[in-house]
Amino acid sequence: MMNRQIVLAARPTGAAGVEHFRLQEAPIPSVGEGEVLVKTRFFSVDPYMRMRMNDVKSYAPPQKLNEVMGGGSAGIVVESRFSGLVAGDAVVMGGGWQEYALLPGKTLRKVDASALPLEAYLGPAGMTGVTAWHGLFNIIAPKAGETVLVSAAAGAVGSVVGQLAKQVGARVVGVAGGAEKCRHVVDDLGFDACVDYKAGDLAAALQAACPDGIDGIFENVGGVVMDTALRHINTFGRVAICGLISGGYGGGKMPMADITMLLTQRVLVKGFILSDHADVFPVALPALATKVAAGEIKWRRTITRGIENGAAAFIGMLAGANIGKALVEV
Ligand SMILES: NC(=O)c1ccc[n+]([C@@H]2O[C@H](COP(=O)([O-])OP(=O)(O)OC[C@H]3O[C@@H](n4cnc5c(N)ncnc54)[C@H](OP(=O)(O)O)[C@@H]3O)[C@@H](O)[C@H]2O)c1
């Protein structure tokens, strides 16, 4: 029995492409004491993986060359020598881009695949949802009637942020690329408005969508989108910097145009990396799973089928090909 895997074959110097990855075969290893062998059903393709392709100082070590691309995945236990899991259990894990993952049993999270589709635990009922939860509730902490702006609003994290903010009575405005994404954000997800940042005159569109200014910015994008939003920030506004994908995560600089409003409006700006906040998971995960099951958090996924298409799915997500969570079904 062989295991198909995608490894990082080369580090990009500019834009990442499928040529930086390689599909290879390796034997499936035997299961040691305390270990579990899982057949992957889905793996996640996430923006942060682009950063890990660079050999630069960051919050986590770089992805190693010629090793399996790391990342979140979900699957079914094939063989277990760990007391808490048996064959047939559904689990979420850090299994990466491969058909079979052998991991210490204690690193796996058993999930109820009869309550939610398995892939939901990689999306709104998993790390994605907890990211939204933490930045929104622990940094922005919106009050009813306040305006919250969410960039990459049609994406995995942004779509959850906006729905959670609506549930506490905020007015929620999204920013997304293209008319179809904006339609989805308003009509399907229930945001109050959505600005298409690709349509031109972002400043006028934001002004029209946020007539009372902006109290909280959940920033997934940075660059022009964030600079323009900051011009509308209200006094004592809060900015949760979750991601800066408009910089491409290629290791280059991400300048800010003007910080005057941060001083004059006494704005809190806080970047966060979810892995620093293990305490949020036990609070957020059950609440998110309940909301997803009840239909209170709607979600879409963009699923690419076949491990051989994994690298293309990742590159497509970086370019905005996804609506909702970008996943590969192995
Ligand atoms: N801090 C943390 O711990 C943490 C954890 C998870 C995720 N994140 C960050 O959260 C953000 C969203 O992640 P996600 O997993 O939910 O991905 P996602 O939003 O589902 O997918 C990425 C989206 O980024 C948008 N995008 C790409 N290039 C852009 C550009 N130049 N300008 C504006 N938008 C651009 C695209 O949407 P459009 O078509 O709308 O452009 C694309 O669909 C990312 O920045 C990610 O790094 C941070």
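**Close-up 1. I303 on strand β14.** In this predicted model, I303 sits in strand β14, which covers residues 301–305. Is I303 buried or exposed? Neither label fits: buried would need under 20% relative accessible area, and I303 has 23% relative accessibility, so I303 counts as partly exposed. Setting aside residues up to four places away in sequence, I303 touches F42, E119, L327 and E329. For a sense of scale, I245 is 58 residues from I303 in sequence, and the two C-alpha atoms are 21 Å apart in space.

**Close-up 2. Q98 in the loop between β5 and β6.** Here we look at the stretch that joins β5 (90–93) to β6 (100–104), where Q98 lies. Q98 has 11% relative accessibility and therefore counts as buried. What does the side chain of Q98 have beside it? One of its polar atoms lies 2.9 Å from the backbone oxygen of G95. Beyond the neighbours within four places in sequence, Q98 is in contact with N3, R4 and Q5, and also with T40, F43, V68 and I307.

**Close-up 3. Polar pairs around the ligand.** Y197 puts a polar side-chain atom 2.5 Å from a ligand oxygen. The backbone joins in too: a backbone N or O atom of C242 is 2.9 Å from a ligand nitrogen, and a polar backbone atom of F272 is 2.8 Å from a nitrogen atom of the ligand. On its own the ligand would expose 900 Å², and the protein buries 90% of that.

**Close-up 4. The shell around the ligand.** Helices α2 (127–140), α3 (156–167) and α9 (310–318) are the elements that give two or more residues to this shell. There are 27 residues around the ligand, and those that come nearest are V157, K181, Y197, L274 and N322. By type, the shell divides into 17 nonpolar residues, nine polar and one charged. Domain 1 (2–123 + 299–329) and domain 2 (127–275) each supply at least three residues to the shell.

**Close-up 5. Helix α6 and its surroundings.** How many of the eight residues of α6 (residues 223–230) are buried? Seven are, so the helix is largely enclosed by the rest of the structure. The buried set is G223, V225, M226, D227, T228, A229 and L230. Packed against these buried residues are the strands β8 (147–151), β9 (171–176), β11 (214–219) and β12 (233–241), together with the helices α5 (202–209) and α7 (260–264).

Conventions. Residues are numbered from 1 along each chain as its sequence is written. This is a predicted model: local features need pLDDT of at least 70, side-chain atom pairs count only at pLDDT 80 or more; totals for chains, interfaces and linings use all residues. Side-chain values use heavy atoms; hydrogens and water are left out. Helices (H or I, at least four residues) and strands (E, at least two) are DSSP runs, numbered from the N terminus. Buried means under 20% relative accessible area, exposed over 50%, partly exposed in between (1.4 Å probe, protein chains only). A polar contact is a pair of N or O atoms within 3.5 Å; within protein, one must be able to donate a hydrogen and the other to accept it, and residues adjacent in sequence count only if both atoms are side-chain atoms. Contact means heavy atoms within 4.5 Å. A residue is near a molecule or strand if one of its heavy atoms lies within 4 Å of it. Accessible areas come from the Shrake-Rupley method with a 1.4 Å probe; for residues, only the protein chains shown count as cover. Ala, Val, Leu, Ile, Met, Phe, Trp, Tyr, Cys and Pro count as nonpolar, Asp, Glu, Lys and Arg as charged, and the others, Gly among them, as polar. Domain bounds come from an automatic or database domain assignment.
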